Amino acid sequence: MHKHNLRNIFLLFCSLLSSYIAVAQVGRGGSSGLGSRMMQSEAAKPSEYLIGGITVTGIRYLDQDLLIAVTGLTIGQKIRVPNDEALAKAIRNLWKQELFSNVGITVTKYIGDKVFLSINVEERARLNKYNFKGIKASEAKELKDKLLMVKGRVVTDATKKESIVRIQKFYMDKGYGRVQVTVREKVDTSAVNSVMLTFIINKGNKTHINQINVSGNKYAAEDRLKKTLKSTKEMARISLYPADEKSVYKQNGHSFSNYMSDWGFLSPSKTLEALNPYFRPNFFSSSKYNPEKFEEDKQSLVAYYNTLGYRDAAVVADTVYPVQNGNINIDIKIKEGNRYYFGDISWKGNTKYSTEVLSRILNIKKGDVYNQELLEKRMGRQLSPEGGEDISSLYMDDGYLFFNIDPVEVSIHNDTINYEMRITEGAQATIKNITIAGNERTNEHVIRRELRTVPGNKFSRSDLIRSQREIASLGFFDQEKIGIQPKPHPEDGTVDIEYTVVEKSSDQLQLSAGFGGGVNFYGNIGVVFSNFSIRNIFHPKTWDPLPVGDGQKFSLNYSSNGAYYNAFSSSFTEPWLGGHKPNALTTSFTYSKYSGAAVGSDPNSSFLRVVGGGISLSRRLKWPDDFFVLSYGLYYNNYRLKNYALVSNFTDGYSNNLYAKITLARSSIDQPLYPRSGSNISLSFQFTPPYSAFSNEDYSSETSNQKYKWIEYHKYRFTADWYQRISGNLVLKLSTKYGVLGYYNNAIGYSPFERFQLGGDGLSGFSYFIGRDIISQRGYDIYIQDATIFNKYSAELRYPFSLSPTATIYGLVFADAANAWHTFDQYNPFQLNRDAGVGVRIFLPMFGLLGLDYGIGFDKYNPQAGVTGIKGLAKFTFMLGFEPE
């Protein structure tokens with residue numbers, strides 16, 4: 001009986017206690033504080049309730065209604081107390097936000113069948129400031145742009161880890177492969193519930209790749225495999241005879257006394273590697289180790305093997321290990337596998353084009369070495385900005401936007417792979433809508449008239465590529481950010497095309513200076529408005545600083561050195577005269593006056609004055625293709641000479657030059673500032689009427705005043721520039737230029753004007769002021785001024801350092817050969833003056849082209865005159881505002 005009473009008392013106690021027990025306790029990692037307890041105040045209440053109200057405590061920055069919405073709890077919702085899943089889920093939802101250090105839900109009161117809840121939270125500390133320790137101020141500034149740290153944002157473990165990863169990547173990209181980063185969090189008493197983070201950075205030494213060792217390669221040379229590692233390169237060995245390799249050098253039969261001669265003079269059979277097997281000529285690539293780029297390079301290595309037929313080639317192991325001086329070695333082990341060949345290639349699903357046509361374009365025959373890259377290229381899966389003949393282009397240029405080709409390996413017999421090319425042609429797509437975005441300064445019609453894609457026409461991929469080229473050629477937009485996005489609609493067989501552009505400054509302020517021609521120092525200032533709008537002159541809102549938006553070109557230029565030389569020129573071009581066809585109208589005016597008087601004397605005692613202008617019209621041709629442009633113009637120059645000895649027996653008087661000029665040009669370059677492909681070819685014919693044929697004047701007389709009253713001549717110019725991408729942005733440019741001046745009458749001979757000047761930088765010299773064609777040659781001063789025929793050949797290898805619209809910068813190495821002759825009888829095309837050197841070009845939108853070349857003129861070598869060393873052979877050449885011919 002006694003035991004029975006004790007049991008009843010114990011059960012009653014448990015029943016009373018259970019009415020007060022917490023209904024929810026959810027925490028993380030032993031979190032404390034308010035906890036997550038729900039207390040029930042009365043023992044006899046029913047277990048199901050309707051939520052009558054929800055309040056929130058502990059928030060400082062967050063919105064109460066938003067926080068309640070996150071929990072998923074709503075007023076009127078039925079819940080079971082104390083162990084309803086909805087309460088536990090609400091707490092989990094709050095924890096997921098990673099905004100709180102503690103979360104809890106408690107009951108504040110009951111009214112009938114309603115329960116009132118309180119959500120109690122404790123917000124995490126927020127970031128007030130952060131700094132770096134162990135690095136330079138410049139690095140800290142650069143890092144702040146990389147991190148996504150915002151003042152007032154909640155600081156979580158994930159936030160700190162992400163920042164550490166970003167800092168590590170920043171320094172690893174710079175070559176610090178062993179960088180260590182820790183973060184220290186400290187309460188910031190200057191703000192409520194705030195912390196300050198300090199990132200402690202130990203960069204260590206830069207990690208360079210000392211040596212790369214490749215093993216397992218039988219059919220591919222190690223050096224060739226290393227070239228596939230574009231971003232993973234060994235350190236350059238600049239010295240042939242480092243102290244720690246002295247014994248190796250001597251073992252190869254070379255004494256220290258022969259060291260310098262071996263470095264300077266190498267026979268064809270004695271390479272640098274033969275002199276020292278540790279020599280690695282790697283002067284233009286970084287040897288920094290970057291794990292991410294190394295992974296990409298391993299894929300490139302395997303891709304190279306695939307081009308050799310080794311389809312199963314793989315990097316089976318790679319080891320990165322430290323060596324002396326904090327650098328590393330990399331060992332790469334390769335499994336080449338078997339070499340494969342193409343077998344039979346059949347076609348399935350092609351109805352538009354026959355199997356013979358497709359096989360001819362694919363141009364892969366049975367027995368050819370397997371090459372995955374070649375197969376992808378011939379199918380058209382590897383798109384090229386230059387376009388090209390491939391299967392996809394064949395279909396897509398005829399409207400088959402929904403075309404697809406799938407190469408299926410149907411069988412493999414020993415080392416031969418048989419393919420079935422499965423084609424889904426689909427329907428031809430018609431262009432529906434063309435939209436243009438991003439043109440904030442340029443009127444839409446200026447862009448739209450250049451497009452080859454027209455609503456209602458069939459879709460063509462080559463038209464997209466050509467449209468991109470034409471937009472880039474305008475020069476108003478960042479050529480690297482021209483976007484083209486086709487948006488197909490298979491349901492109705494149409495496609496919308498969206499073009500996106502990013503405006504850049506196309507106007508130029510040209511500032512230059514020169515020295516020579518008897519005028520000593522002179523200056524030049526000019527402005528070129530490349531996106532001018534004459535119709536908006538009376539609309540001030542379009543001025544920036546002059547009216548812009550219609551693609552017209554307006555230029556002004558003035559040069560002077562004071563009283564002894566002054567020149568002014570202006571021109572205006574409307575590229576689409578009438579607005580319907582690409583017929584360009586250009587007008588120009590020029591004035592110059594050059595004094596031949598000595599400095600300090602009356603400049604008007606001797607001078608040459610030129611006043612002239614012209615008008616020309618050019619139109620785009622459709623045959624042979626629409627890259628051709630035909631231009632024809634009429635020009636007039638009036639020359640006034642006073643006591644000026646330009647030619648014998650003609651020092652005073654007037655001379656007139658009325659001439660016509662016809663130019664046939666073809667331009668197919670992909671971009672105007674840094675072309676990677678295409679060509680510029682121009683042939684011009686300039687001529688005057690043969691006035692002497694209609695006159696009875698005796699021009700052979702030395703005293704004839706009519707000899708140069710109306711100048712007569714005929715003149716021919718040919719210029720061709722070719723651009724070819726070698727690899728990536730490495731571009732080869734080949735150029736050739738020819739010029740010939742002829743005459744009608746033997747008694748008159750060559751015109752004193754319109755001749756050729758060769759040599760120098762193309763900016764200075766006597767002929768700069770009197771109307772002669774200036775042909776520059778790097779490495780030489782001006783060495784002929786009145787030639788009637790010239791040849792010039794050039795080759796340049798270019799590589800860009802920046803293609804930003806704010807500054808296009810590229811370096812180049814060059815070689816030229818040129819010469820000019822006074823008469824055709826002296827002409828010898830093999831007698832050329834040669835030069836070579838290096839240079840750099842900087843194109844700034846506001847200032848135009850800036851350039852510097854260092855050229856060595858080989859044919860200036862003259863022991864008798866004492867010109868033998870670099871000082872006498874080499875010459876710096878500057879260019880400002882434009883690229884001289």
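Me: How do H4 and H5 lie relative to each other?

Reply: H4 and H5 are oblique to each other. This is a predicted model, so read the geometry as that of a prediction. Two packed helices are described by the angle between their axes and the distance between the axes. Here helix H4 spans residues 137-146 and helix H5 residues 157-173. Their axes come within 10 Å and cross at roughly 125 degrees. That angle is neither 65 to 115 degrees nor over 145, so the pair falls into the oblique class.

Me: What is the hand of the crossing of H4 and H5?

Reply: The crossing of H4 past H5 is right-handed.

Me: Which residues make the contact?

Reply: H4 supplies Glu-139, Glu-142, Leu-143 and Lys-146. From H5 come Arg-166, Ile-167, Phe-170 and Tyr-171.

Me: How do the residues of that contact divide into nonpolar, polar and charged?

Reply: The contact of H4 with H5 has 4 nonpolar and 4 charged residues, with no polar ones.

Me: On to charges. How many salt bridges does the count come to?

Reply: The count is 40 salt bridges. Read each one in three steps: the distance, the burial of the partners, and their place in the chain. Start with Lys-226 and Glu-234, whose side chains form a salt bridge at 3.1 Å, N to O.

Me: Are Lys-226 and Glu-234 buried or exposed?

Reply: Both Lys-226 and Glu-234 are buried. Now take Lys-366 and Asp-344. Their closest N and O atoms are 3.5 Å apart, and they form a salt bridge.

Me: Which parts does the pair Lys-366 and Asp-344 tie together?

Reply: Lys-366 sits in the loop between helix H11 (355-362) and helix H12 (372-379), and Asp-344 in strand E11 (residues 341-348), so the pair ties parts that are 22 residues apart in sequence. Burial comes next. Lys-366 has 60% relative accessibility and counts as exposed. Asp-344, at 43%, counts as partly exposed.

Me: Where in the chain are Asp-773 and Arg-717?

Reply: Look at the bridge before the place: the side chains of Asp-773 and Arg-717 meet at 2.9 Å, N to O, in a salt bridge. Asp-773 belongs to strand E29 (residues 773-775) and Arg-717 to strand E26 (residues 714-727). The two are 56 residues apart, so this pair links distant parts of the chain. Asp-773 counts as buried because its relative accessibility is 18%. Arg-717 also counts as buried, at 11%.

Me: Which residues do salt bridges with shared partners join into one network?

Reply: The network holds Arg-778, Glu-796, Arg-798, Asp-816, Arg-841 and Asp-853.

Me: Now one residue. Where is Phe-116?

Reply: Phe-116 lies in strand E4 (residues 114-123). Its relative accessibility is 18%, so Phe-116 counts as buried. Then check what Phe-116 touches. Leaving out residues up to four places away in sequence, the list is Gly-52, Gly-53, Thr-106, Val-107, Thr-108, Lys-109 and Ile-111. The C-alpha atoms of Phe-116 and Ile-54 are separated by 6.1 Å, while the two residues are 62 apart along the chain.

Me: And the chain as a whole? How many helices and strands does the secondary structure come to?

Reply: The chain has 16 helices and 35 strands. Of its 885 residues, 43% are buried. Finish with contact range. Among contacts between residues at least 6 apart in sequence, 60% join residues at least 24 apart.

Note on methods
Residues are numbered from 1 along each chain as its sequence is written. This is a predicted model: local features need pLDDT of at least 70, side-chain atom pairs count only at pLDDT 80 or more; totals for chains, interfaces and linings use all residues. Side-chain values use heavy atoms; hydrogens and water are left out. A salt bridge is a side-chain nitrogen of Lys or Arg within 4 Å of a carboxyl oxygen of Asp or Glu. Buried means under 20% relative accessible area, exposed over 50%, partly exposed in between (1.4 Å probe, protein chains only). Helices (H or I, at least four residues) and strands (E, at least two) are DSSP runs, numbered from the N terminus. Axes are lines fitted to C-alpha atoms, for helices over the stretch in contact, and angles run from 0 to 180 degrees between N-to-C directions. Angles under 35 degrees count as roughly parallel, over 145 as roughly antiparallel, 65 to 115 as roughly perpendicular and the rest as oblique. A crossing is left-handed if the near helix is turned anticlockwise from the far one by less than a right angle, and right-handed if clockwise. Contact means heavy atoms within 4.5 Å. Ala, Val, Leu, Ile, Met, Phe, Trp, Tyr, Cys and Pro count as nonpolar, Asp, Glu, Lys and Arg as charged, and the others, Gly among them, as polar.
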